[in-house]
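Student: I would like to go through this model with some short questions. Please show it first.

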Amino acid sequence: MPIEKIKTVCPMCALGCGLLLVKEREVVGLDYWKEHPFNEGALCPQGNLVHEIIHHEHRLTTPLVREGDSYKKASWGEALGIVASRIKTATKEFGGDAVVFLSSGFCTNEENYLMMKLAAALHVRAATPPSAAFGLKDIFGYDASITPLTEVKDADHLFIVGEPIEQNPLAARYMLRAKFDSSAWVTAVGTRPGKTAWFSNLFLQCKPGGVAALLLGIIKSIVESEAYDKEFVEKQTKGFDELKSLLDEKSLQEISEMAGVSPTLIAQAASTLAKASKPCIIYTTAIFEENAREIVKALADLVLLLNATKVGLCVVEGVPNIQGAKDVLEEEFNGNAKVVVALGGMPPYVNLDGVEFIATTQTFLRSDEKADVILPGACFAEKEGTFTSTDRFIQKLRKAVEPPRGARAEAEILAELAARLGVELGFEGWPEVAAAVKAYGGIVEDALEGGVRWGGKRLYESGFETTDRFARLLPFDVRFELPRPEGKFLVITERRTFNPEWALVAERFWEVTGKPWRWIEINPEDAATLGLSDGDAARLKTDAEELVAPVVVRREIPKNILFASDYKTCVASLERV
């Protein structure tokens with residue numbers, strides 16, 4: 001049988017890297033799509049192993065229904081019947097707001113649209129998971145990056161919040177080109193010095209929970225030194241007086257103490273940013289470990305004060321098609337529901353407190369499974385549709401193989417569920433999506449073959465998309481309550497993985513690179529107290545769970561604080577294994 005190479009989109013994060021699946025009868029490997037406009041053939045460690053997920057032996061092929069603390073196998077009819085019944089009961093007893101169809105970000109734009117269409121017919125809700133860009137719509141007009149990541153290389157100043165080099169290596173390529181090819185100044189902000197800090201000219205290490213306070217200090221310095229663009233602010237924004245009132249409430253010294261960064265460094269960061277002729281502000285999902293919504297407001301304020309027609313703003317999301325989900329579905333899930341039906345599995349950062357019933361479609365069983373009904377879904381190589389990357393680039397997802405027997409694509413699952421609920425779910429493909437979704441208006445299907453960036457290279461060149469065409473400067477809250485260690489450690493974290501399917505092949509990372517995928521960073525004094533050295537295995541324990549991983553001893557980590565990748569901000573104990 002001849003070998004085929006099928007163009008598709010990597011589903012491991014939100015960057016939208018292109019790759020080639022190598023197929024005989026099945027997918028047997030991958031190749032590098034060197035002409036792809038974003039990643040130019042390069043792939044990160046997760047992307048290099050993504051093909052191994054497709055035919056993995058742990059793929060789900062039978063619906064599962066919770067029975068006590070475990071699951072029993074069920075027929076498709078039984079499983080869908082349970083889901084339909086719970087939807088009917090919840091809407092009857094509590095109304096339509098009690099039911100939420102939740103996009104995981106692993107669904108195509110077309111599947112998200114079908115989900116929205118079904119929810120509308122049932123008078124229930126359809127929502128996206130938490131997104132790092134939520135809130136930008138109220139300020140500018142869209143919850144989206146203003147500039148694409150590929151334009152970052154031309155900036156003369158990068159102001160980065162989070163750790164993109166470790167989290168999204170392919171995005172970091174363009175940041176490093178700006179640094180080394182264009183001599184851009186790099187200011188990095190975070191609670192621990194990672195690889196991005198190593199390449200920075202100025203690293204601002206905040207106290208845990210101190211990022212919003214740091215941004216307040218930088219904005220205060222810019223405004224009080226009159227280094228902001230007064231003409232732009234007066235003619236194209238609203239809210240300056242309210243923001244100025246916030247700035248007047250605290251001295252720079254008080255703000256410095258809240259942030260854990262000296263007034264001198266805050267002033268230096270403000271001055272270098274304000275003097276740049278072509279700055280770009282970049283932030284990652286690291287904001288979810290603090291007061292994310294307030295940090296988004298603060299970063300948007302910076303963009304507006306420095307003139308949003310000149311400053312770049314790039315949101316480096318994590319979940320694969322989260323931008324597409326936001327484009328199609330306008331509501332962000334806030335945890336307020338009785339029944340949740342999640343397409344593609346349960347995404348990160350979702351609050352499920354108070355939810356009484358969860359149904360998901362997903363490709364494998366997770367170790368921390370919360371669902372009551374699990375429907376075996378199709379993976380990225382088993383469906384047709386489109387994904388939208390974190391910087392608004394829409395690409396085709398091409399079907400390489402059929403799902404394993406017993407698994408079904410989400411569009412098929414939605415259609416069958418709709419029929420059980422008395423809804424005929426017709427669909428006319430991309431033209432129907434483009435006609436209904438504001439951001440996709442005018443994009444014809446033929447344009448998707450090579451990919452197309454909605455909104456053009458830069459958003460808002462013809463004005464902001466708010467109702468009155470003014471952007472909003474917004475006051476923001478710098479307060480953030482962290483859990484109190486009380487004799488234990490405060491654990492801080494950032495995500496490195498956004499697709500739970502990575503768990504299927506994570507062990508291969510060790511085989512290929514000789515490095516652990518997860519680790520725990522600790523201060524030397526704390527390590528000595530516990531008898532730990534570099535590379536020793538340690539057990540991180542909370543009241544609910546534990547993680548065993550090797551330790552990395554770093555003097556840059558403050559005492560009584562641990563960093564654990566892909567974990568959660570919490571209080572925990574640590575012991576040698």
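Student: Is Phe199 buried, partly exposed or exposed?
Tutor: This is a predicted model, where local features need pLDDT of at least 70, side-chain atom pairs count only at pLDDT 80 or more, and totals for chains, interfaces and linings use all residues. Residues are numbered from 1 along each chain as its sequence is written, and side-chain values use heavy atoms, without hydrogens and water. Buried means under 20% relative accessible area, exposed over 50%, and partly exposed in between (1.4 Å probe, protein chains only). The relative accessible area of Phe199 is 32%, so Phe199 is partly exposed.

Student: Where does Phe199 lie?
Tutor: Helices (H or I, at least four residues) and strands (E, at least two) are DSSP runs, numbered from the N terminus. Phe199 is in the loop between helix H7 (195–198) and strand E10 (202–205).

Student: Which strands are the edge strands of the sheet E1-E2-E3?
Tutor: Two strands pair if DSSP finds at least two bridges between them. This open sheet of 3 strands has antiparallel pairing, and E2 (residues 18–23) joins E3 over 4 bridges. An edge strand pairs on one side only, which here applies to strand E1 (4–9) and strand E3 (27–31).

Student: In E3, which residue is the bridge partner of Leu21?
Tutor: Strand E2 and E3 pair in the antiparallel sense. In E3, the partner of Leu21 is Leu30.

Student: Which residue in E17 stands opposite Leu64?
Tutor: Strand E4 (residues 64–67) and strand E17 (residues 373–376) run antiparallel, joined by 2 bridges. Opposite Leu64 in E17 stands Ile374.
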